[in-house]
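Dear colleague,

Here is the structure that I promised to pass on to you. Please open it beside this message, and look for each residue as it comes up.

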There are 2 protein chains.
Amino acid sequence: MSTKITPLSGFPELLPEQRVVEQDVVDLLRSTFELHGFAGIETRAVEPLEQLLTKGETSKEVYVLRRLQEQESGKDAGLGLHFDLTVPFARYVVENAGKLDFPFRRFQIQKVWRGERPQDGRYREFTQADIDVVGRDVLPVHHDVEVARVMLDALRRIEFLPGFRLQVNNRKVLEGYFRGLGLDDATTTLAMTAVDRLDKQPVEAVAAMLVEAGLDTELAHRCLAIAEICTPDSSFVERVRALGVEHPLLDEGLVELAAVVDGCASLVGPTVDVVADLKIARGLDYYTGTVFETRMRGHEALGSICSGGRYDALATDGRTTYPGVGISLGVSRVLVPLLNRGDLVADRKVPSAVLVAVTDEESRGRSDLVAASLRARGVPCEVAATAAKFGKQIRYAERRGIPYVWFEHDDEGTTTHQVKDIRSGEQHDADPDTWTPPAADLRPQVLIKEQPQ
Amino acid sequence: MSTKITPLSGFPELLPEQRVVEQDVVDLLRSTFELHGFAGIETRAVEPLEQLLTKGETSKEVYVLRRLQEQESGKDAGLGLHFDLTVPFARYVVENAGKLDFPFRRFQIQKVWRGERPQDGRYREFTQADIDVVGRDVLPVHHDVEVARVMLDALRRIEFLPGFRLQVNNRKVLEGYFRGLGLDDATTTLAMTAVDRLDKQPVEAVAAMLVEAGLDTELAHRCLAIAEICTPDSSFVERVRALGVEHPLLDEGLVELAAVVDGCASLVGPTVDVVADLKIARGLDYYTGTVFETRMRGHEALGSICSGGRYDALATDGRTTYPGVGISLGVSRVLVPLLNRGDLVADRKVPSAVLVAVTDEESRGRSDLVAASLRARGVPCEVAATAAKFGKQIRYAERRGIPYVWFEHDDEGTTTHQVKDIRSGEQHDADPDTWTPPAADLRPQVLIKEQPQ
């Protein structure tokens, strides 16, 4: 092994006490998705390059693979690492369509890779958690409501995160509105892009862009007026209507968007809320209806950490089309900044709830038996690495955050067992065949540390 | 999305009902490793190429990464995908040594990639589950016993697999024996390689290789004689002694090997057994003591599906050395052949234990409320996708293997709820706030299907 170790920028790695937090999040996500009937799948890390490159916008960020032995020949394997989980999932659906039942609900929690320049909240390798529902030929809009509800349910269960706001819009609302204003195909697309930029640029600059493209100033501002609407309920419908624009696609979009916002209302609580936010457009071009973004409270600068939407035409084999709707949580984008700042950490570095002390190497076997008894009842434990003085063994447990140390005493042939809670110092007799710690001590707990601002 | 989908050889993907089996195995492995106090970590998928290439034997199998935008320049990113979890772990230990507590026990369950030619049980992308214990400067041999015991404990908990034989040896036994026979450095290495080949080549061919290297025929055969010894207990010691060779390293190796075999005895049961098998040498060159291989019963042709050993010098920063011992289970190597043959499959394709029927779209909200009540008590369920006739909704559940269908009846203003076990046809009144299915129905179960030979 080389003696020089240089960390790789953009490839975050976690210490064991940080990984506990990430694993907890992944477990909570998975159990929530399963409660809602979503099946877990994984797809391979690679896709044929031509599949990845059909998405022009991200093509520059793809990592291309080459087998080392083919390096001299300069020949690529024709494969790239996937940069999201939606494109692989669409391919998986088409490839396995004959073996899947539709509507097909799936969750997928995996690493993805992008060759982009690393910055805060942007990584070259990161974990995403996706849920999607895909139908064959048709997919009713109640599934748009469903994926939003499932992700909200998951997010509100992760109690140690600072809270989230789900922002929902519908492309049909924007497109119908632009059409109703008399825009043609090209200017409609442009107006959609313009709305998407309002998050980063002042409204005057965005309006100027539209004027430059040939719209008169008043029309440009009318285009952007809809993007100011943001309501926590379906009152956005009235406000859109007040803008005085009519179009069948706008009507359709308003009904769908109201269904999503109303459908999520019962999940709103202290840590999650939902708004119809009409400036949300999503840059990627495959969305055809509902679009989602999500901000984490107090961390709005991270941008959207959970996004998605309805895609009616992404997955197709040419004859059959599989419309879908999904939402993707950036697990690393949410967690890594909080972990790196020390805001979240586990209360121990190991799963062990108990350290079984070793009196001397000859009696290690007896300590192993105690450990086996505890494990048989689901109590994670480890046996001390050396038969050091008991004080040293207690410090060994303390450093790792292990709450209990188990001792065996041999008093003139009579063996007694004692367990010590090293936080309180309390020590009492215990039977290795029956003793269990309180449930809260069984697994590491996530601690929230408030940092000075 | 492209209309042409071609599966990629060597990159196995699972259907949802197969993924349940893999997820079950991963869950059982993880919970066992945690019971034994092993901390879970993940390392990034990539390592600097020069780190990967220090392991000459596998260098030809490495996938090298290149950012697409750098493709024209022909410049590599200097990174390759890891081909195992030991090399990245050794790097992780050295990089984070100041923040870790030693001995450091970790498990790691991740994908690895090798550019080799795909064949049965050999893939280009596959999942490994590794456990290792690493010390600073020293690591007592009882940790060799520990990793063997932990992996055995994990394997015996996976009851739906056909059973395993753990084969243990110790490099010191072989090397001490060869030294005791008077072999020098070069011929000792050669003899080690020769023993490693006995699995694939007849003993005469292997002996001829040694004779060709300058050993006389009798010595060549004496070298290979030790490899015939295979015992289910420490009686191998006597049999090695009977070969009449003396060397301090041999003595040391015999003590260590006996400790591992004796230490594992209490775990032997109907599905796992342990042997001291003196022909096990392991091809990779970093092992320095204990070595492990494992065969799955009835699938010996797959080769070793769980291997490892003691490495005293793999992880070092030049000043401090971190000796370790570990063992790695090839999760995909074990499962993918069984899944592809249909030997193992889950009894349902979705996590849902209950399908909540929908009477008409107007009452979908009431079905959602029933589902929410069930989920609040940990019962995975889904709401029917359409308000089709009840018979069609039952078939929807049947196709997915969902055991229960929930119906709401409205009888002149009085609402009653009923749940139907669609396997037995039994149907009875149920309260959405209290009803739960039997525990065995809560999660998908793995079924073993005996295939005609």
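What follows is an account of the contact between the chains, then of some salt bridges, and then of a strand.

This is a predicted model, in which local features need pLDDT of at least 70 and side-chain atom pairs count only at pLDDT 80 or more, while totals for chains, interfaces and linings use all residues. Residues are numbered from 1 along each chain as its sequence is written, chains are lettered from A and ligands numbered from 1 in the order in which they are written, and side-chain values use heavy atoms, with hydrogens and water left out.

**The contact between the chains**

Chain A and chain B each bring 93 residues to their contact, where contact means heavy atoms within 4.5 Å. The size of an interface is often given as the accessible area lost when the parts come together. Here the two chains bury about 8,200 Å² between them, with 54% of it on carbon and sulfur atoms; buried area is the accessible area (1.4 Å probe) that two parts lose on being put together, summed over both.

Between chain B and chain A there are 36 residue pairs in polar contact, both residues being at pLDDT 80 or more. A polar contact is a pair of N or O atoms within 3.5 Å; within protein, one must be able to donate a hydrogen and the other to accept it, and residues adjacent in sequence count only if both atoms are side-chain atoms. On the side of chain B that touches chain A, helix 1 (residues 16–35) of chain B gives the most, with 8 residues; helices (H or I, at least four residues) and strands (E, at least two) are DSSP runs, numbered from the N terminus.

The chains also meet through strands, since strand 3 (residues 63–67) of chain A and strand 3 (residues 63–67) of chain B run antiparallel and are joined by 5 bridges; two strands pair if DSSP finds at least two bridges between them. In this pairing, A:R67 has B:Y63 as its bridge partner.

**Salt bridges**

Side chains of opposite charge can pair when their charged atoms come close. A salt bridge is a side-chain nitrogen of Lys or Arg within 4 Å of a carboxyl oxygen of Asp or Glu, and by this rule there are 70 over all chains, with 16 counted between chain B and chain A.

One of them joins A:E382 to B:R105, with the closest N and O atoms 2.9 Å apart. This pair crosses from strand 15 (residues 381–383) of chain A to strand 5 (residues 104–113) of chain B. Are its two residues buried or exposed? A:E382 is buried, at 1% relative accessible area, and B:R105 is buried at 4%, where buried means under 20% relative accessible area, exposed over 50%, and partly exposed in between (1.4 Å probe, protein chains only).

The salt bridge of A:D101 and B:R399 (3.8 Å, N to O) joins a buried residue, A:D101 at 15%, to a partly exposed one, B:R399 at 48%.

**A strand of chain A**

In strand 11 (residues 306–316) of chain A, 9 of the 11 residues are buried, so this strand is largely enclosed by the rest of the structure. Strand 11 of chain A runs antiparallel to strand 12 (residues 321–330) of chain A, with 8 bridges joining them, and A:C306 has A:L329 as its bridge partner. Their hairpin has 4 residues between the strands, and there A:G318 takes a positive phi near 100°.

With best wishes
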